[in-house]
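Welcome! Let us take a walk through this protein together, starting from its ligand and working outwards.

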Amino acid sequence: MPRVVVFDETGTPDVLHIVDEPVAEPAAGEVRVRIEAIGLNRIEQMMRAGAYPRPIRLPHARIGCEGTGVVDAIGPGVGAVGGVGGVGGVGGLAVGDPVIITAVPDMDVNGTYAEFTVVPARALIRRPAEVDATSAAALWVAYSTAYGALVEKAGTRPGDHILITAASSATGLAAIQVVNQLGGVPLAVTRSAAKKDALLAAGAAAVFVTGRDDVVAATREHTGGAGADVIFDAVMGPGLAELATAARFGGTLLTVGWLDPRPASMPMNAPLTIHRYMSFEHTLDPAVVRRMAAFLGAGLRLGALRPTVDAVFGLDDIVEAHRHLERGNQIGKIVVTV
Ligand SMILES: NC(=O)c1ccc[n+]([C@@H]2O[C@H](COP(=O)([O-])OP(=O)(O)OC[C@H]3O[C@@H](n4cnc5c(N)ncnc54)[C@H](OP(=O)(O)O)[C@@H]3O)[C@@H](O)[C@H]2O)c1
């Protein structure tokens with residue numbers, strides 16, 4: 001019988017375990033996907049650990065908001081109003097076609113850590129030919145978040161300087177490449193000096209190391225004294241107010257994550273637009289998903305976007321994969337193949 005990862009109580013990675021479950025039939029407007037690879041995300045670690053921002057169904061919670069695979073079964077009515085493949089603008093898909101799942105808002109119910117899941121047809125796009133299943137599992141969440149925050153929210157333009165924290169995360173690396181695709185200048189901030197070469201190789205114009213470099217002064221130095229046009233921050237915490245002083249007068253602060261769970265004080269420096277960004281704001285909107293898929297597809301074809309896979313685990317090693325996620329030493333996405 002197909003395997004599914006579930007947990008009955010929140011806690012350490014060991015709460016995750018595999019059970020056998022029959023496959024669900026897709027209802028009207030839904031598609032069943034046979035999962036080939038899963039990308040791990042920080043929000044899943046938070047959900048498993050009990051730090052998810054809303055209540056979850058326990059016991060027997062599923063988990064996982066990112067995955068890629070092939071169409072396994074198609075429910076009634078799909079295709080009539082765009083349906084499967086409508087998002088990509090390429091017509092209907094058939095059983096066996098490779099797809100990427102673009103949004104799983106109820107991951108405790110239909111999470112992707114499994115051999116099969118059922119999602120609305122509108123939550124699928126075709127998998128671009130440039131990526132295999134493993135690379136595709138490292139694509140959507142990181143790159144759609146970087147694109148959505150930087151382009152749709154902040155209106156990043158060519159020549160803009162973008163300061164990116166947690167730069168070695170999958171989302172940080174995606175932001176570096178998205179900024180380069182846009183003709184901007186990505187300035188990377190990392191906690192680890194050992195990651196500097198990898199970040200330069202990924203396309204960072206400069207790398208600043210927290211605790212070693214004065215990030216604000218270094219940003220001003222690299223921007224002719226003006227400061228960053230946009231700060232793309234995944235850390236928050238008490239350092240946020242000082243980080244915000246690296247922005248130019250009238251610049252933009254995007255907070256996309258909260259890796260440091262301590263309270264953050266409100267930045268008080270002169271004119272600054274602040275956005276708190278959650279990708280569901282865009283990935284549940286088919287019109288924005290169409291733009292995201294077009295931008296990501298172009299970036300893959302041009303070679304500007306190159307999903308970075310840090311490590312690959314099997315589904316049986318899901319506990320170890322979450323331990324690896326928690327250690328925070330990764331450069332890029334942790335992928336689980338099914
Ligand atoms: N808004 C959204 O919709 C959205 C979507 C996806 C991800 N995110 C956010 O983006 C961030 C990265 O997520 P991810 O899944 O791509 O990667 P991840 O696995 O969470 O990123 C790990 C990296 O983050 C840095 N890091 C870890 N703990 C940290 C801490 N306490 N303080 C500062 N930096 C820390 C380290 O990078 P360095 O060694 O380079 O510092 C580490 O390699 C998370 O905050 C996540 O919630 C948000």
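Which helices each supply at least two residues of the shell around the ligand? They are α1 (42-49), α4 (140-153) and α5 (170-182). Bear in mind as you look that this is a predicted model. Among the helices, α4 deserves a special glance: with three residues, α4 gives the most to the shell around the ligand.

Now look at the shell as a whole. The ligand is surrounded by 29 residues, and the closest of them are S168, S169, T190, G257 and S279. By class, the shell holds 14 nonpolar, 11 polar and four charged residues.

Next, step back to the domains. The domain assignment of the protein gives domain 1, made of 3-139 + 307-337, and domain 2, which covers 146-280. Both have a part in the ligand's surroundings, since the shell draws at least three residues from each of domain 1 and domain 2. Taken over C-alpha atoms, the centres of the two domains are separated by 28 Å. The domains also touch: eight residues of domain 1 are in contact with eight residues of domain 2. On the side of domain 1 that touches domain 2, you will find four nonpolar, two polar and two charged residues.

Let us return to α4 and see how it packs against other helices. One partner is α5, another contributor to the ligand shell. The axes of α4 and α5 are 8 Å apart, and the two helices pack at an angle of about 55 degrees. An angle of this kind falls outside the parallel, antiparallel and perpendicular ranges, so α4 and α5 are oblique to each other. Their crossing is right-handed. From α4, the contact is made by A142, Y143, T145, A146, Y147 and L150, while α5 brings A170, T171, A174, A175, V178 and V179. By class, this contact has 10 nonpolar, two polar and no charged residues.

A second partner of α4 is helix α10, residues 286-302. Here the axes come within 10 Å and cross at roughly 110 degrees, which makes α4 roughly perpendicular to α10. On the α4 side, Y143, S144, Y147, G148 and E152 make the contact, and they meet V288, M292, F295 and L296 of α10. This time the residues divide into six nonpolar, two polar and one charged. If you compare the two lists, you can spot Y143 and Y147 of α4 in the contact with α5 and again in the contact with α10.

Terms used
Residues numbered from 1 in each chain as written. Predicted model: local features only at pLDDT ≥ 70, side-chain atom pairs only at ≥ 80, totals over all residues. Near = placed C-beta within 6 Å. Helix = DSSP H or I, 4+ residues; strand = E, 2+ residues; numbered from the N terminus. Nonpolar A, V, L, I, M, F, W, Y, C, P; charged D, E, K, R; others polar. Domains from an automatic or database assignment. Contact = placed C-beta atoms within 7 Å. Axes fitted to C-alpha atoms, helices over the stretch in contact; angles between N-to-C directions. Parallel < 35°, antiparallel > 145°, perpendicular 65-115°, else oblique. Left-handed = near helix turned anticlockwise from the far one by under 90°.
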